[in-house]
Amino acid sequence: MELNKSVTLQQYQQMLGNTIRMNPQLHGVWVTAELSDVRIAGGHCYMELIEKDVLGATCAKMRAMIWSGTLSALRRKFVDATGKDISTGMKVMVKGSANHHNLYGLSFTISDIDPSYTVGDLERLRREILERLAREGVLGSNKQLRFPPVPQRIAIVSAPGAAGYGDFMNQIENNPDGFKFYTHLFPAVMQGERTSASVRDALELVESTIDLWDCVVIIRGGGSTTDLNGFDEYELAKAVATFPLPVAVGIGHERDRTVLDEIACMRCKTPTAVAAMLVDSLRVAWTAAVERVKKIARYSGDALKGEKYRIATMETALPARVQTRIMRSEKHLTEMGHAVERALTRRAASEQEKVRMLRYRFEKACTGLTDKPMLRLKNLENMLRVLSPDNTIKRGYSITRVNGKAVRSVSELHPGDTMETVLLDGIISSTVKESRLQSENEKI
């Protein structure tokens with residue numbers, strides 16, 4: 001290119017700007033993008049429009065702005081429809097025109113916004129989170145927990161000094177019934193990108209002291225500038241769904257709804273509604289307890305009257321019953337006495353028969369035991385009688401004695417011994433002259 005045909009940078013920028021301004025296809029165009037680095041300065045809203053590929057990498061980027069004359073109306077329109085302010089991370093459909101500035105380059109001026117696109121994207125995000133929790137089998141875990149009938153020990157997850165927390169505590173502490181609650185605040189960031197991590201950290205602290213609490217409440221007030229994106233996050237949703245204590249949530253206004261509202265054990269529209277629910281729970285329990293006390297009193301009074309009537313009836317009937325009982329007892333004792341007497345008589349007769357039989361058997365046994373010895377003794381007596389010396393002498397025998405001893409053998413005699421011979425009618429004394437043994441021929 002020849003030097004005399006070159007243009008300055010400013011001229012080139014003006015050519016670009018003129019081209020953009022003169023191209024009707026670049027004006028009044030609806031564009032879908034994700035918001036990044038949203039900030040408000042000088043009454044204007046500045047941001048970047050970005051687009052990401054399937055891997056999450058940014059594949060397109062452009063500066064954008066909403067001028068102050070349009071900003072208030074667009075923000076009001078967007079908040080009324082979505083319950084959220086325009087903020088970083090949102091997917092939006094905006095209408096605008098391309099502009100080119102010599103110093104700031106290409107930009108996009110937003111003139112309108114379609115909240116329904118953002119609502120649809122938020123609903124899609126919530127639906128994906130809920131579907132993932134359902135696939136993991138934890139979607140209804142916290143909802144299945146039984147909310148305590150008397151929730152007095154409350155672990156609160158909220159931002160210190162927030163209006164919603166203040167309203168909650170005011171309603172709890174100044175409830176008209178005078179119920180006592182024991183609360184402790186576990187501070188957390190409740191707006192912006194740090195919401196999820198901060199609330200999860202607070203829940204971990206609650207779980208470390210889990211035995212001290214009946215339930216957990218997560219509360220955050222609303223407002224036209226409320227940013228509740230942090231509550232539509234998977235990790236936080238899973239932490240609440242799997243939390244071992246019942247969780248009650250009161251986030252934003254009545255129109256606001258987050259993923260936590262779908263998975264918590266108890267959902268209330270606002271922080272004050274959570275407080276009202278807790279107070280109502282105690283009121284119901286108190287009313288039930290009072291009613292039970294009244295029923296016990298009524299039942300006790302009726303039972304006491306019945307017992308008094310029964311005792312009076314018994315007192316009237318007692319003498320006759322006692323007399324009847326005595327007569328029955330006397331009759332029973334008489335019958336028992338007769339029965340015992342008959343039994344003793346039968347037993348005595350039986351025992352007497354046994355004694356008689358034993359005596360008979362004993363006598364028979366004794367007779368059997370003495371008969372044989374008596375017969376033997378009698379035989380021995382007869383034998384002794386037959387063999388006695390007297391009978392022997394009577395049969396013609398004599399007894400010879402020397403020194404008082406009977407002589408049985410000739411060898412016992414010696415010449416000169418004096419013998420006595422006992423006969424039936426006397427005794428003969430003699431002197432031994434000679435003794436000799438008898439030969440076989442001389443033996444009788």
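Colleague: Why is Asp214 called buried?
Modeller: In this predicted model, Asp214 has a relative accessible area of 18%. Buried means under 20%, so Asp214 counts as buried.

Colleague: What makes Arg153 partly exposed?
Modeller: The relative accessible area of Arg153 is 33%. Partly exposed covers the values between under 20% and over 50%, so Arg153 belongs in that class.

Colleague: Why are Arg153 and Asp214 said to meet in a salt bridge?
Modeller: Their side chains come to 3.0 Å, N to O. The rule asks for a side-chain nitrogen of Lys or Arg within 4 Å of a carboxyl oxygen of Asp or Glu, so the pair qualifies. As a general matter, side chains of opposite charge can pair when their charged atoms come close.

Colleague: Which parts of the chain does this pair tie together?
Modeller: Arg153 lies in strand β6 (residues 153–158), and Asp214 in the loop between α5 (195–208) and β8 (215–220). The two parts are 61 residues apart in sequence, so the pair ties them together.

Colleague: How many salt bridges does the rule give?
Modeller: The count comes to 17.

Colleague: How do you know that Arg283 and Asp177 form a salt bridge?
Modeller: Their side chains meet at 2.6 Å, N to O. That is within 4 Å, so the rule is met. The pair links distant parts of the chain, 106 residues apart: Arg283 is in helix α8 (residues 271–387), and Asp177 in the loop between α4 (163–173) and β7 (182–187).

Colleague: Are Arg283 and Asp177 buried or exposed, or what else are they called?
Modeller: Arg283 has 28% relative accessibility and counts as partly exposed. Asp177, at 38%, also counts as partly exposed.

Colleague: What makes Glu351 and Lys354 a salt bridge?
Modeller: Their closest N and O atoms are 3.7 Å apart. The limit is 4 Å, so the pair is counted. Glu351 and Lys354 both lie in helix α8, three residues apart, about one turn of the helix. Glu351 is partly exposed at 31% relative accessible area, and Lys354 is partly exposed at 46%. Elsewhere, Arg132, Glu136 and Lys238 are joined into one network by salt bridges that share partners.

Colleague: What makes strand β9 largely enclosed?
Modeller: Five of the five residues of β9 (residues 247–251) are buried, so the rest of the structure largely encloses the strand. Val247, Val249 and Ile251 point one way, Ala248 and Gly250 the other, and all are buried.

Colleague: How do you know that β8 and β9 pair?
Modeller: Five bridges join them, and they run parallel. At least two bridges are needed, so they count as paired. Val216 has Val247 in β9 as its bridge partner. β9 also pairs with strand β10 (residues 266–268), in the parallel sense over three bridges. There, Val249 stands opposite Arg267 in β10.

Colleague: What makes β1 and β2 a pair?
Modeller: Six bridges join strand β1 (residues 29–41) to strand β2 (residues 44–52), and the two run antiparallel. The rule needs at least two, so they pair. One of the partners is Ser36, matched with Glu48 in β2. The hairpin has two residues between the strands, and Gly42 takes a positive phi near 65° there.

Colleague: What joins β2 to β3?
Modeller: Eight bridges join β2 to strand β3 (residues 58–66), and these strands run antiparallel. Met47 stands opposite Ala64 in β3. The hairpin of β2 and β3 has five residues between them, and Gly56 in the turn has a positive phi of about 90°.

Colleague: In what order do the strands of the four-stranded open sheet stand?
Modeller: The order is β12-β11-β13-β14, with antiparallel pairing. β12 (405–406) and β14 (426–431) each have a single partner strand, so they stand at the edges and one side of each is left without a neighbour in the sheet. Six bridges join strand β13 (residues 418–423) to β14, and Val422 stands opposite Ile427 in β14.

Colleague: Which residues form the nonpolar surface patch?
Modeller: Met374, Leu377, Leu380, Met383, Val386 and Leu387 form it, with about 600 Å² of accessible area together. Met383 is in helix α8. At 47% relative accessibility, Met383 counts as partly exposed. Patch residues need over 30%, so Met383 meets that cut-off.

Technical notes. Residues are numbered from 1 along each chain as its sequence is written. This is a predicted model: local features need pLDDT of at least 70, side-chain atom pairs count only at pLDDT 80 or more; totals for chains, interfaces and linings use all residues. Side-chain values use heavy atoms; hydrogens and water are left out. Buried means under 20% relative accessible area, exposed over 50%, partly exposed in between (1.4 Å probe, protein chains only). Patches are made of residues with over 30% relative accessible area and no salt bridge: like charges are joined within 9 Å, nonpolar side chains (Val, Leu, Ile, Met, Phe, Trp, Tyr) within 5 Å. Accessible areas come from the Shrake-Rupley method with a 1.4 Å probe; for residues, only the protein chains shown count as cover.
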